[in-house]
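Okay, everyone, thanks for squeezing in. I'll put the sequence and the model up, and then we'll walk through some helices and some empty space.

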Amino acid sequence: MFKILNIIKVMIIICVILVFAYGCSNDEADGSGDSSNLLLGTSSQGGTYYVWGGGWADIIGNTLPEVDVSVEVSGGPASNVQLIQSGEMDLGFVTTWLGAEGYNGEGWTDVEHDKVRSMFIMYPSVMHMYSLQGNGIETIADFSGNHVSTGPPGSTSAEAGEILMNALGIEPGKVSNIPTNTAVDGLRDGTNDAGFAITGLPGPFMLDLETTHDVQHIGLSDQEMETVLSENPYWDSIVIPEDTYQHLEEDISVVAFWNLAVASEDLSEDLVYDLVKTTFEKHEELLAVDPTAKDTIAENITYSTVPLHPGAIKYYEEQGIDIPDDLIPPEME
């Protein structure tokens, strides 16, 4: 009898341990525990999203030891919206253009991706349109009849490149939806003629390309810009200054977008609050990762086009920032 009682006691202890362990694992999974393993959707290797994401993830991990952010290569903004909606990603980088369309079920999708929530504005990025000097491509009109790369499927570059060419009546001989680093390699070896790539300024891929080749930077005329913006209300224009790149001989006008860090609504308020707070408190470290972070300031959150996560709202309200009504998420209305 004594042995039986001891066995029963041991079994009870084991059950208690298992129940406790199961409860802890659930806490971690839903973001309410002491540790969190998060997946961040960025873009193709070589793009600003990927570089930015790696640096940001390191800063978060060094500041919040209980949080581990894994940077994932993805197709870019549209893909990141879809991955967050499906639960395959926890965090992602998007443009305000594709993020808004994804959330509202407009433009590139007819499905409302309503699990996506804003955290913070990152930086404005520009549409680089480029070729190599001597290729006979000096204007956007010269893209007609040539082999053009636009970025991987779902990326801002791919979506915007196609839309811009359609708006201006450009008919390339061939279009390849390939990552930026692959497109640059193709330009070097002559397998493609020109490309689109959307990154911050300066673009890491462009700085790299200029170390080996003379780049032909291409802008839009005033009339071309007016035509493009009249058909795309989420788009904007910006000037790339002459001194940005080695082979840029004058200021050029290009299309621009704001970039946005987003999270799943399933993440806890405390976790997202910590992510946002750390981002702004470690601003100097972020600048060391990428100079585009100069625009990563709390006040710029009003540029967002996607409702905020409650954890982000908590931080901005502490900073005395008024949150526009259209950025209040449904769960807080």
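Before any numbers, one term: by a cavity I mean a set of grid points where a 1.4 Å probe fits but cannot get out. The volumes I'll quote are the space filled by probe spheres set on those points. Oh, and please keep in mind that this is a predicted model.

So, cavities. By that rule we get two of 30 Å³ or more. The second largest has a volume of about 30 Å³. Its lining is Y130, G151, S157, I178, P179, T180, A183, F196 and A197. Helix 6, residues 180-189, and strand 7 are the elements that give two or more residues to that lining. Sorted by class, that makes six nonpolar and three polar residues, with no charged ones.

Now the largest one, which holds about 190 Å³ of space. It has 20 lining residues, and the closest to its centre are S43, Y49, S155, S157 and I198. Which elements each supply at least two residues of the lining here? That would be helix 2 (48-63), strand 4, helix 5 and strand 7 (194-199). The class split goes 15 polar, five nonpolar and no charged residues. You may have spotted S157 on the list for the largest cavity, and S157 also turns up in the lining of the second largest.

Let me zoom out for a second. The chain has 333 residues, and 51% of them count as buried. Its secondary structure comes to eleven helices and ten strands. Take contacts between residues at least 6 apart in sequence: 75% of those join residues at least 24 apart.

Next up, helix 4, residues 96-104. Why do I call helix 4 largely enclosed by the rest of the structure? Because eight of its nine residues are buried. Those are T96, W97, L98, G99, A100, E101, G102 and Y103; yes, there's a glutamate, E101, in that buried set. What they pack against is helix 3 (77-86), strand 3 (91-95), strand 4, helix 5 and strand 10 (252-264). Right after helix 4 comes G105, with a positive phi of about 70°.

Helix 11, residues 310-318, is worth a look too. Its buried residues are P310, G311, A312, I313, Y315 and Y316. Strand 4 (116-132) and helix 9 (269-281) are among what covers them. And just past the end of helix 11, G320 takes a positive phi of about 75°.

Back to helix 5, residues 156-168, and how it meets helix 8, residues 222-231. The two axes come within 9 Å and cross at roughly 115°, and the crossing is right-handed. On the helix 5 side the contact is made by L164, A167 and L168, and on the helix 8 side by E224, T227, V228 and E231. By class, that's four nonpolar, one polar and two charged residues.

Last thing, for anyone who likes checking backbone torsions. Most peptide bonds are trans. Where's the cis one I want to show you? It joins L201 and P202, with omega at about -5°. P202 sits in the loop between strand 7 and helix 7, residues 204-210.

Okay, that's my tour. Who wants to go next?

Definitions and conventions. Residues are numbered from 1 along each chain as its sequence is written. This is a predicted model: local features need pLDDT of at least 70, side-chain atom pairs count only at pLDDT 80 or more; totals for chains, interfaces and linings use all residues. Side-chain values use heavy atoms; hydrogens and water are left out. Axes are lines fitted to C-alpha atoms, for helices over the stretch in contact, and angles run from 0 to 180 degrees between N-to-C directions. Helices (H or I, at least four residues) and strands (E, at least two) are DSSP runs, numbered from the N terminus. A crossing is left-handed if the near helix is turned anticlockwise from the far one by less than a right angle, and right-handed if clockwise. Contact means heavy atoms within 4.5 Å. Ala, Val, Leu, Ile, Met, Phe, Trp, Tyr, Cys and Pro count as nonpolar, Asp, Glu, Lys and Arg as charged, and the others, Gly among them, as polar. Buried means under 20% relative accessible area, exposed over 50%, partly exposed in between (1.4 Å probe, protein chains only). On a 1 Å grid over the protein atoms alone, a cavity is a set of points where a 1.4 Å probe fits but cannot get out, and a pocket is an open set with protein on both sides within 12 Å along at least five of seven lines; lining residues have an atom within 4 Å of a point.
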